[in-house]
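Q: Please take a close look at one part of this model: the side-chain contacts made by charged groups and by aromatic rings. A connected account would be preferred, covering which residues take part, where they lie in the chain and how accessible they are.

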Amino acid sequence: MKTSFVSSGLFRVNAQKKSLDVWLVYKCSVCDTTWNLTVLSRVNPHSILPETLRRFLDNDPDLALRYASDVSLIKRNGGEPGCPLVEIEGDQVDLKEPVRIRLIAEQAVGVRVLTILRNQLGLSRSEMSRLCDSGRLRCTSGQEIKKYKLTGEIIIEIE
């Protein structure tokens, strides 16, 4: 079973002679275990803008959120971005019947809505593409569903 870690919003900065390491600290959602996401490794401190270094040292929440939302950085560190909360009205999804799906991400996950839906509904890319092209799958707020990456909350309807 995989362990779920959540960003603490805190950076760890460590200086070794003429190099600097910066990590974003994650905490296990069940226990007190931590995992450090490498943000910078063995860089010359002079190569970092003084303002950025200050933000690391001050645990700037916006900077922490930016790195916690960077899917490619998480993957490069051997992590897997978490899946957002998905609520589907009804017990089972029958694509022959209208369905309403609510996706919620507490922080930007950098994953396309269609990817999340495909995984949740067990559909192929071509099946998902047909749903979009036919106009049966749409976002209630009008976003372009094929390109939209999940941030916050979105409601999808399949008619």
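**Charged and aromatic side-chain contacts**

A: Glu-159 has a relative accessibility of 44% and therefore counts as partly exposed. The model is predicted, and all values discussed here are computed from it. The side chain of Glu-159 forms a salt bridge with that of Arg-138, at an N to O distance of 3.4 Å. This contact links distant parts of the chain, since Glu-159 belongs to the segment after β7 and Arg-138 to strand β6, with their positions 21 residues apart in the numbering. Arg-138 has a relative accessible area of 33% and is likewise classed as partly exposed. The two residues also belong to a network of salt bridges, in which Arg-100 and Glu-157 take part as well.

In total, the structure contains 9 salt bridges. Another of them joins the side chains of Asp-21 and Arg-42, with 3.1 Å from N to O. Asp-21 is placed in strand β2 (residues 19–28) and Arg-42 in strand β3 (residues 34–43), so that distant parts of the chain, 21 residues apart, are linked by this pair. Here the partners fall into opposite accessibility classes. Asp-21 is buried because its relative accessibility of 4% lies under the 20% limit, whereas Arg-42 is exposed because its 53% lies over 50%.

A further salt bridge connects Lys-146 and Asp-133 through their side chains, at 2.7 Å from N to O. Lys-146 sits in the loop between β6 (137–139) and β7 (152–158), and Asp-133 in helix α5 (residues 125–133); the pair therefore ties together parts 13 residues apart in sequence. Lys-146 is partly exposed at a relative accessible area of 33%, while Asp-133 is exposed at 55%.

The aromatic side chains supply a second set of contacts. In general, two descriptors characterise such a pair: the distance between the ring centres and the angle between the ring planes. The structure holds 5 aromatic pairs. One of these is formed by Phe-5 and Trp-35, a tilted arrangement with 6.4 Å centre to centre and 50° between the planes. Because Phe-5 lies in strand β1 (residues 5–16) and Trp-35 in strand β3, the pair ties together parts that are 30 residues apart in sequence. The relative accessible area of Phe-5 is 27%, which makes this residue partly exposed; Trp-35, at 24%, is also partly exposed. The rings of Phe-56 and Tyr-67 offer another case: their centres are 6.0 Å apart and their planes stand at 35°, so this pair is tilted. Phe-56 lies in helix α1 (residues 50–57) and Tyr-67 in helix α2 (residues 61–68), 11 residues apart, and the pair thus links distant parts of the chain. Both partners are buried, with relative accessibilities of 1% for Phe-56 and 13% for Tyr-67.

Two further features extend these ring contacts. Phe-5 and Trp-35 belong to a cluster that also includes Tyr-26, connected through ring pairs. Tyr-67, in turn, brings charge and aromatic character together: the charged end of Arg-66 is positioned over the Tyr-67 ring, 4.8 Å from the centre of that ring.

Methods: Residues numbered from 1 in each chain as written. Predicted model: local features only at pLDDT ≥ 70, side-chain atom pairs only at ≥ 80, totals over all residues. Heavy atoms only, no water. Salt bridge = Lys/Arg side-chain N within 4 Å of Asp/Glu carboxyl O. Helix = DSSP H or I, 4+ residues; strand = E, 2+ residues; numbered from the N terminus. Buried < 20%, exposed > 50% of the residue type's maximum accessible area, 1.4 Å probe, protein only. Phe/Tyr/Trp six-rings, centres within 6.5 Å; stacked < 30°, edge-to-face > 60°. Lys NZ or Arg CZ within 6 Å of the ring centre and 35° of its normal.
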